[in-house]
Amino acid sequence: MAGRHINDHQVRLFMTHRRNDPVALAAAKAGFSPATGYRVLQDARLPSQRQAPRGRRRPDPLSGIFEEVVVPMLEAAPGLRPVAIFEELRRRYPDTEFGSRRTLERRIRDWRALNGQDREVIFRQVHEPGRLGMSDFTCMNDLDVAIAGAPLDHLLYHFRLPCGGFEHGHVILGGESFVALAEGLQNALWSAGGAPRLHRTDSLSAAFRNLDADAKADLTKRYDALCAHYGMEPTRNNTGIAHENGAIESAHGHIKAAVKDALLLRGTTDFTDLAAYRRFIDEVVTARNRRHGPGIDAERKALQSLPNARTTDYEEVLVTVTSSGGFTLRKVFYTVPSRLIGHRLRVRLYDDRLDVFIGGTRLMTLQRGRAGVNGKHGHVVDYRHVIHSLRRKPMALRGLVYRDSLFPRAPYRLMFEHLLEAVGEKEACRIMVELLAMAHERACEAELAHILEEDLAIRRTPCLSALRARFSPDPATLPEVVVEMVSLSIYDGLIEQGEAA
């Protein structure tokens, strides 16, 4: 067997056996002839070391350019991408061929391996039971979830105990904020049945953005107080260093994939209301926790006991009801009953609702609104709060700032647009206000909306008299019932008869 046919492994095996065996026996054990064995003894280099380096089969397309032009670029701007360098070379030397972009990318990769800057090292951690809990928010808009046909713009608050694998998810309608964190975190802790010793967040970057120093300090104090209530030490990762929160950042993709799979199995991404969607998220998260049941049960034993009650998970604000029949909070106008005009109200601001108090008395709960794009003011309007005044001034409907938000259902808005074209502004406002008043007074909002849909289908103007006759009699035509009170003296007679008996 010729020497050029042997490989490095055979030579190493031959040299090992040669220590104790003759050349012929060692060569046989290595799989080649004794003659090859003697040649190996004369030249102990491995076969791979004897081969001459392969030369280039074509001229180097980057000769005279890489060292002279590309390397100075890399030294001046280490973060420069290869594609940007490639485009710059084409701009500087339009008549020169540089080979493929991949050739340049490989050359730059090799150069950076030998001469580049040190890169950040990620240190994998061992998680101890009950030590660490992590919170973060992830955007869910790419799942195309809808509520009653309307797209839902929302985040998911995500909590995780990285040791046992316990997870909790809570749908957030606004952005990252202390209120969203406080509500989601407390829900998670009570669901887990205990609290870890440390709690880590991503610095609540969205909540702290555009705040002055006093506001930032206030949020920090509230967050510290929240953690202290549950006996947790608050910690934050360095701003912009996502991998420091890696134990939950990587889990975002897994929980979103699980939600997406569940939506596909469900067959639709549309839900009847927000409560139904939240139940759906709870079911998905519960199924994921079930897979980590033994680890979660083991970690629960190491968690701290929960306090007797939850702490504040809302923001409290004082507002004044103006003559417009409502108040403005966070660039959103909310209507309230007009009898509250001039009063100061105490509002508890949650992520998805507002609880309104006067003094210590709770008045109502309002759905929380959000400001529009580019800072445009939003409106949360209940037509029942203003219909009595609007009935006296029906033409105010034409240019009302919150007119579109006034209509409780789409058919009302579409009917008003039809009336403007069919009967003119004055009559359209009168008819529309009467329709809204009827929906309120006769408690027939949904049924009336269905009738308006039928009228719109044939482009017909609704008949108010026919609608009044259809929906319960007019309160003014109801008979007056007179109740005559009996004389209380008859009870004395009954008492006397009882005593005589």
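1. Let's start with the small sheet in this predicted model. Strands β10, β11 and β15 line up in that order to form an open sheet, and their pairing is mixed. The edges are taken by β10 (326-329) and β15 (378-380), each of which pairs on one side only. From one strand to the next, the twist averages 20 degrees.

2. It helps to look at the β10 and β11 pair in more detail. β11 covers residues 332-335, runs antiparallel to β10 and is joined to β10 by four bridges. If you want a landmark for the register, glycine 326 stands opposite threonine 335 of β11. As a reminder, strands of a sheet pair through backbone hydrogen bonds, either parallel or antiparallel.

3. While you are there, have a look at the loop between β10 and β11, where you will find arginine 330. Arginine 330 is not a glycine, and yet its phi is positive, at about 55 degrees. Is this arginine buried or exposed? Arginine 330 is partly exposed, since its relative accessible area is 43%.

4. A second residue with a positive phi is aspartate 144, again not a glycine, with a value of about 60 degrees. Aspartate 144 belongs to the loop that links β1 (132-139) and β2 (146-147). Its relative accessibility is 55%, so aspartate 144 counts as exposed; the cut-off for exposed is over 50%.

5. Next comes strand β12 (residues 344-349), which is a nice one to colour by side chain. Which residues of β12 point to which face? Leu345, Val347 and Leu349 point to one face and are buried, whereas Arg344, Arg346 and Arg348 point to the other face and are not buried. In other words, the side chains alternate along the strand.

6. The partners of β12 are worth tracing too. Strand β9 (residues 315-320) runs antiparallel to β12, and six bridges join the two. Here valine 319 stands opposite leucine 345 of β12, and leucine 345 is one of the buried side chains mentioned above. Strand β13 (residues 353-358) also pairs with β12 in the antiparallel sense, over four bridges. In that pairing, arginine 346 faces phenylalanine 357 of β13. The connection from β12 to β13 is a hairpin through three residues.

7. Now to the helices at the start of the chain. Helix α1 (residues 8-17) and helix α3 (residues 34-42) have axes that come within 11 Å and cross at roughly 85 degrees. Angles of 65 to 115 degrees count as roughly perpendicular, and α1 and α3 are therefore roughly perpendicular to each other. On the α1 side the contact is made by Val11, Phe14 and Met15, and on the α3 side by Gly37, Val40 and Leu41. Sorted by class, the contact of α1 with α3 has five nonpolar residues, one polar residue and no charged residues.

8. Helix α3 also meets helix α2 (residues 23-30): the two axes come within 8 Å and cross at roughly 105 degrees. That angle means that α2 and α3 are, once more, roughly perpendicular to each other. The residues that meet are Val23, Ala24 and Ala27 of α2 with Pro34, Gly37, Tyr38 and Leu41 of α3. By class, the contact of α2 with α3 has six nonpolar residues, one polar residue and no charged residues. Two residues of α3, Gly37 and Leu41, take part in the contact with α1 and in the contact with α2.

9. A word on the cysteines, in case you were wondering. How many disulfides does the model contain? The count comes to zero. Cysteine 429 is in no disulfide, and the nearest cysteine sulfur, which belongs to cysteine 463, is 19 Å away; for a disulfide, the two sulfur atoms would have to be within 2.5 Å. With a relative accessibility of 0%, cysteine 429 counts as buried. Cysteine 139, by contrast, counts as partly exposed, at 38% relative accessibility.

10. Finally, a pair of positions for comparing sequence with space. Arginine 106 sits in helix α7 (residues 101-115) and is partly exposed, with a relative accessible area of 45%. How far is arginine 106 from alanine 188, in sequence and in space? They are 82 residues apart in sequence, and their C-alpha atoms are 48 Å apart in space.

Definitions and conventions. Residues numbered from 1 in each chain as written. Predicted model: local features only at pLDDT ≥ 70, side-chain atom pairs only at ≥ 80, totals over all residues. Heavy atoms only, no water. Pairing = 2+ DSSP bridges. Axes fitted to C-alpha atoms, helices over the stretch in contact; angles between N-to-C directions. Parallel < 35°, antiparallel > 145°, perpendicular 65-115°, else oblique. Contact = heavy atoms within 4.5 Å. Nonpolar A, V, L, I, M, F, W, Y, C, P; charged D, E, K, R; others polar. Buried < 20%, exposed > 50% of the residue type's maximum accessible area, 1.4 Å probe, protein only.
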